[in-house]
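Biologist: I would like a close look at a single part of this chain, explained slowly enough for a first-year student to follow.

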Amino acid sequence: MTVGCLCLLLGGGLVSPSPREVFLRLVHGVADGNSSELPDLYGEVTDVRHPMATPESEPLTSRRALREHFTVPPEARESLPKRSVVDVVVHETADPEVIVAEFAYEFTLPDDSVAKVPCVFVMRVRDGQIIESRDYIDPIRTYTARGDLDRLIASLRKGVS
């Protein structure tokens, strides 16, 4: 089953997956490199922001923008270290559409060492689709895990000059 199939048939009616289920599909899909399926987890209109992104990034407000965001050229995909999702804790809130999820991406580096990138996502999921998300991802550990710390430093220097 692909992540695009978001509803389950239960007792004669369709039931949307819970926010927790959608979150898990998202982060495991990212870790597995299923980028073509990920945009279907989002609404046509959405508001996804990465407040800690370095360099700063614009909000992603449509499924089309998310499709572009998740598109990784094949040559770049091959150079990315393998990653998995670990340390998942999902907090449900008084609002049944909103969750706060703590987790880490664990990268296996070329020398077989492991680098953890801590993350916190605050998501609103309606009818099985993400309509709003704030994705807090440690940029220094991300660039370090990808072996791309020089690119981070260059982008920071650009912002200062």
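Which residues make the nonpolar surface patch of about 220 Å²?

Modeller: This is a predicted model, in which local features need pLDDT of at least 70 and side-chain atom pairs count only at pLDDT 80 or more, while totals for chains, interfaces and linings use all residues. Residues are numbered from 1 along each chain as its sequence is written, and side-chain values use heavy atoms, with hydrogens and water left out.

The patch is made by Met-52, Val-122 and Tyr-136. A patch consists of residues with over 30% relative accessible area and no salt bridge (a side-chain nitrogen of Lys or Arg within 4 Å of a carboxyl oxygen of Asp or Glu), and its nonpolar side chains (Val, Leu, Ile, Met, Phe, Trp, Tyr) are joined within 5 Å, whereas like charges are joined within 9 Å. Accessible areas come from the Shrake-Rupley method with a 1.4 Å probe, and for residues only the protein chains shown count as cover.

Tyr-136 has its place in strand E8, residues 129-137; strands (E, at least two residues) are DSSP runs numbered from the N terminus, as are helices (H or I, at least four). Because its relative accessible area is 33%, Tyr-136 counts as partly exposed, a class lying between buried (under 20%) and exposed (over 50%).

For the wider setting, the chain has five helices and eight strands, and 37% of its 161 residues count as buried. The accessible surface of the whole chain comes to about 9500 Å², and carbon and sulfur atoms account for 54% of that.

How values were computed. Buried < 20%, exposed > 50% of the residue type's maximum accessible area, 1.4 Å probe, protein only.
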